[in-house]
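Me: I'd like to learn how to read a model like this one. Could you walk me through a few features?

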Amino acid sequence: MTPGPTQVRENVRTARSRVCTNPDLDAEFVEFYKETCELISRLLHTKNETLILGGEGILGLEAACASLTEPGDRVLVIDNGIYGAGFADFVRLYGGEPTLYTVDDKHAVDPAALASYLREHHAFKYATVVHCDTPSGMCNPIGEICPLLKDYGILTVVDSVSAMLGERLEVDEWQLDVVCGGSQKCISAPPGLTLVTLSEAAKAAIRSRKKPIASFYANLSVFAHYYEEKWFPYTMPISDIYGLRAALDNIAADPDMQNRHERIARAARAAIAAAGLRNHLKSGFCNTVTVFDVPEGVTADQILETMKRDYGIMLSGSFDALSGKVIRIGHMGENCFEDKLIELFTALDGTFRTLGVPLECSMEAVFREELRSA
Ligand SMILES: *Cc1c(COP(=O)(O)O)cnc(C)c1O
């Protein structure tokens, strides 16, 4: 029950064992790839093209920065978390000049404050922002942030790897130019694929570069004519894509998915607060991961080890500045079902009992009660 990679349903695992064709030469596979990309675009409510790249989620972030950044380009890096700040490294790597807009990491980015910052500072080619910053569980209001940037002609690059399909995501309505997702979070296929949606404005910016993109693998332009030419820039990982398609078909058949994420996340936070534990954030709670502070008297490792040893449930700590300070419960994709969370909170109640940390009530009971009254 970690915030990704998530559990993988059996029909996704069996789809990966389908007979392999040669994806370079088989025209049917090109159709299959394109249809799968179109299904992703439909699920994200966009007319923009989606590409599936053979590489874990980070590849999408790097490919977006590599493809948009020319030496000397100024880039606004919106930062209220670890992934938020991390974009600056990719920008620098490709010769860009990042400007960090760093704000309180316990609150969601405030669109009004950003708007007043932009009135003074807006000479940027593009901006990066994280939808859900997973190490803290921070969900930013990208639906308000990105239109503000577009008012100044700033392109938007959104890391939605851990939010995509668990949070509301309206790519066209919110004017998102590049959106990155990964196979291993809410989509619940194994790790190994990046999904990237590209607006016409983003494609035009890539086409009109003066210097070539300083990468082949992290380069979105090499896919520009794959369909007309029936030729992929490199051999596609066909079994990964068969699995991804099965996972997307599961999602397409599950209209309650987004609401379920919201219900479960709300009930999880209520259970934690009622027990006298502390939800880590003050605002911006994500529907795909719940993060609480490690209470006094125990360590994160003790909680994680007891959960694993006594209940067979894997939770996650966090990293960098949050290492040892918080516990993360991933309720995304296949992990996000009521029975799984009930089992998890039963186990957490027991774990805190074992570790001698008194709770003010049973988290499992409050979780159930919250779901009933929702
Ligand atoms: C998981 C994740 C990624 C993908 O990278 P990892 O190698 O799995 O860390 C990118 N961005 C965010 C916000 C993620 O949660």
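Reply: Happy to! Let's begin with an idea we need for the ligand: a polar contact is a pair of N or O atoms within 3.5 Å. Keep in mind that this is a predicted model. In it, a polar side-chain atom of K185 lies 2.7 Å from an oxygen atom of the ligand, so the pair falls within the 3.5 Å cut-off.

Me: Which other side chains have an N or O atom listed by its distance from an oxygen atom of the ligand?

Reply: E56 and T134 do. For E56 the distance from a ligand oxygen to a side-chain N or O atom is 2.9 Å, and for T134 it is 2.3 Å. As for cover, the ligand taken alone exposes 370 Å², and the protein buries 81% of that.

Me: Which residues surround the ligand, and how do they divide by character?

Reply: A residue belongs to the surroundings if one of its heavy atoms lies within 4 Å of the ligand. Here those are E56, I58, Y83, C132, T134, D159, V161, S162, Q184 and K185. This shell divides into four nonpolar, three polar and three charged residues.

Me: Now the helices. How are α12 and α13 arranged relative to each other?

Reply: The angle between the axes is what to read, and over 145 degrees counts as roughly antiparallel. Helix α12 spans residues 338-354 and helix α13 residues 363-373; they pack at about 150°, with axes 7 Å apart. The two are therefore roughly antiparallel.

Me: What residues make that contact?

Reply: From α12 come E338, L341, I342, F345, T346, L348, D349 and F352, while α13 supplies M363, E364, F367, R368 and L371. By character, the contact divides into eight nonpolar, one polar and four charged residues.

Me: How far is D349 from P98, in sequence and in space?

Reply: They are 251 residues apart in sequence and 45 Å apart in space, C-alpha to C-alpha. P98 sits in strand β3, residues 97-102. Setting aside neighbours within four places in sequence, P98 contacts V75, V77, A88, V91 and R92.

Me: Finally, the backbone. Where is there a cis peptide bond, and which residue has a positive phi although it is not a glycine?

Reply: For the first, look at omega: the bond joining G4 and P5 is cis, with omega about -5°. P5 lies in the segment before α1 (10-15). For the second, look at H45, whose phi is about 55°. H45 is in the loop between α2 (27-43) and β1 (49-54).

Notes: Residues are numbered from 1 along each chain as its sequence is written. This is a predicted model: local features need pLDDT of at least 70, side-chain atom pairs count only at pLDDT 80 or more; totals for chains, interfaces and linings use all residues. Side-chain values use heavy atoms; hydrogens and water are left out. A polar contact is a pair of N or O atoms within 3.5 Å; within protein, one must be able to donate a hydrogen and the other to accept it, and residues adjacent in sequence count only if both atoms are side-chain atoms. Accessible areas come from the Shrake-Rupley method with a 1.4 Å probe; for residues, only the protein chains shown count as cover. Ala, Val, Leu, Ile, Met, Phe, Trp, Tyr, Cys and Pro count as nonpolar, Asp, Glu, Lys and Arg as charged, and the others, Gly among them, as polar. Axes are lines fitted to C-alpha atoms, for helices over the stretch in contact, and angles run from 0 to 180 degrees between N-to-C directions. Helices (H or I, at least four residues) and strands (E, at least two) are DSSP runs, numbered from the N terminus. Angles under 35 degrees count as roughly parallel, over 145 as roughly antiparallel, 65 to 115 as roughly perpendicular and the rest as oblique. Contact means heavy atoms within 4.5 Å.
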